[in-house]
Amino acid sequence: MHPLPWYIAGPLIGLVVPALLLLGNKPFGISSSFGHICSMISPGRFSFRESHQGGGWNLAFLLGIFVGAVAAWQFAPPPNLALSPATVAALHRLGLTDLSGLAPHEVFTWSALFTLKGFAAIVVGGFLVGFGTAYAGGCTSGHAIAGLADLQLPSLLAVCGFFAGGLAATYFVLPVILR
Amino acid sequence: MTLVPYFVLGTTFGFILVEAEVVSWFRIQEMFRFDAFHMYGIIGTAVVTAAIALLIIKRLAMRASDGRPLGFAPKTLGSGVRYVAGGSLFGLGWAMTGACPGPLVALVGAGVPVMAVAVLSALVGTWTYASLRPKLPH
């Protein structure tokens, strides 16, 4: 069944929050593992995580995400996406013709990495994900899901920021770099 | 050995991210263009499910093996600048790569191997933040 319907996927993802608490009182959050990897490379420099930073549980979780994605891709890969016609039209206007797969082939391939659009989307975009989540102290999992569920005001501010940035990139950055 | 349950939970999470197409760059575009309900449905029901679970955990006053109550440490608000500024910078990266941190890693194994470069770049970004941290408003 593709995609897995939102009313099944959403609650299952939500249940990861109590599952991590019951397993070891761990806060759901993926971006903290980036900080954890950095601190393994350069200890002492990454004391910016306030709490729960001990242990390799978030790296085990991250490795699990990778393995789970490989399994899904090998055994039940999503077919061509049934995208909203409005999005398809907008992406065609931006010059993307091949909308198959999970990311546009015109941007997210090794050969496109050294073009302006590939470099901007992959290298600059990736940098902003790592820098922004570390600065904000969380990402979609830590702030948008766990933080909002815990009614934390800082997480609401962060999620407003996520959308401000996402809308700016969608309407002002992507039209420039995709041309 | 104690890490195995986290690995198994991560595997389940990664599998769901791919099957629900949360890892798709195109689905993130649909979301930021407000053209489809799919992503909002997923994030919305995830938040509600987690909130109910947290409420139950609090109601039952559940504790960890070390005696501390199960739950999150409250985040310090401060001036709030870090959440708005950091959040906006992440949002830019989210729409450009079409992936937040979990999907970024998932995509490396789901037919978009060049995302490994984006993951490395994200690590450099996190590293850069740690270096600039004393100079940034929080």
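**Exercise 1. Two helices that cross**

Task: State the handedness of the crossing of α3(A) and α5(B), then describe their contact.

Solution. The crossing of α3(A) and α5(B) is right-handed. This is a predicted model.

Step 1: list the residues. Helix α3(A) brings Leu62(A), Ile65(A), Phe66(A) and Ala69(A) to the contact. Helix α5(B) answers with Gly102(B), Val105(B), Ala106(B) and Val108(B).

Step 2: sort them by class. The contact has 7 nonpolar residues, 1 polar residue and no charged ones.

Step 3: find the geometry. Helix α3 of chain A covers residues 57-75, and helix α5 of chain B covers residues 101-108. Their axes come within 8 Å and cross at roughly 50°.

Step 4: name the arrangement. Angles from 65 to 115 degrees count as roughly perpendicular, and those under 35 as roughly parallel. The angle here fits neither range, so α3(A) and α5(B) are oblique to each other.

**Exercise 2. The surroundings of α5(B)**

Task: How many residues of α5(B) are buried?

Solution. A residue is buried if 20 or more other C-beta atoms lie within 10 Å of its own.

Step 1: go along the helix. Buried residues include Pro101(B), Gly102(B), Pro103(B) and Leu104(B). Val105(B), Ala106(B), Leu107(B) and Val108(B) are buried too.

Step 2: conclude. The count is 8 of the 8 residues, so α5(B) is largely enclosed by the rest of the structure.

**Exercise 3. From one chain to the interface**

Task: Describe chain A, then the side of it that touches chain B.

Solution. Step 1: take the elements. Chain A has 7 helices and 0 strands.

Step 2: take the overall dimensions. The C-alpha atoms of chain A fill a box of roughly 45 × 40 × 35 Å along the principal axes. Of its 179 residues, 51% are buried.

Step 3: count across the interface. In chain A, 113 residues are in contact with 99 residues of chain B. The largest share on the chain A side, 19 residues, comes from α7(A). By class, that side has 82 nonpolar, 28 polar and 3 charged residues.

Step 4: look at α7(A) itself. This helix, residues 153-177, packs with α4(B) at an angle of about 40°, and the axes are 6 Å apart. That angle makes α7(A) oblique to α4(B). Their crossing is right-handed. The contact has 20 nonpolar, 8 polar and no charged residues.

**Exercise 4. Two positive phi values**

Task: Is Leu151(A) buried or exposed? Is Glu21(B) buried or exposed?

Solution. Step 1: recall the background. Most residues other than glycine have a negative phi.

Step 2: check the angles. Leu151(A) is not a glycine, yet its phi is near 55°. Glu21(B) is not a glycine either, and its phi is about 65°.

Step 3: place the residues. Leu151(A) is in the loop between α6 and α7 of chain A. Glu21(B) lies in the loop between α1 (4-19) and α2 (25-32) of chain B.

Step 4: count neighbours. Leu151(A) has 10 C-beta neighbours inside 10 Å, so it counts as exposed. Glu21(B) has 25 other C-beta atoms within 10 Å, so it is buried.

**Exercise 5. A loop residue in chain B**

Task: Where is Ala61(B) found, and why does it count as exposed?

Solution. Step 1: locate it. Ala61(B) is found in the loop between α3 (38-59) and α4 (81-97) of chain B.

Step 2: apply the cut-off. A residue is exposed if 12 or fewer other C-beta atoms lie within 10 Å. Ala61(B) has 8 such neighbours, so it counts as exposed.

Step 3: add a distance. Ala61(B) and Gly71(B) are 10 residues apart along the chain, and their C-alpha atoms are separated by 9.9 Å.

Technical notes: Residues numbered from 1 in each chain as written. Chains lettered and ligands numbered in written order. Predicted model: local features only at pLDDT ≥ 70, side-chain atom pairs only at ≥ 80, totals over all residues. Axes fitted to C-alpha atoms, helices over the stretch in contact; angles between N-to-C directions. Helix = DSSP H or I, 4+ residues; strand = E, 2+ residues; numbered from the N terminus. Parallel < 35°, antiparallel > 145°, perpendicular 65-115°, else oblique. Left-handed = near helix turned anticlockwise from the far one by under 90°. Contact = placed C-beta atoms within 7 Å. Nonpolar A, V, L, I, M, F, W, Y, C, P; charged D, E, K, R; others polar.
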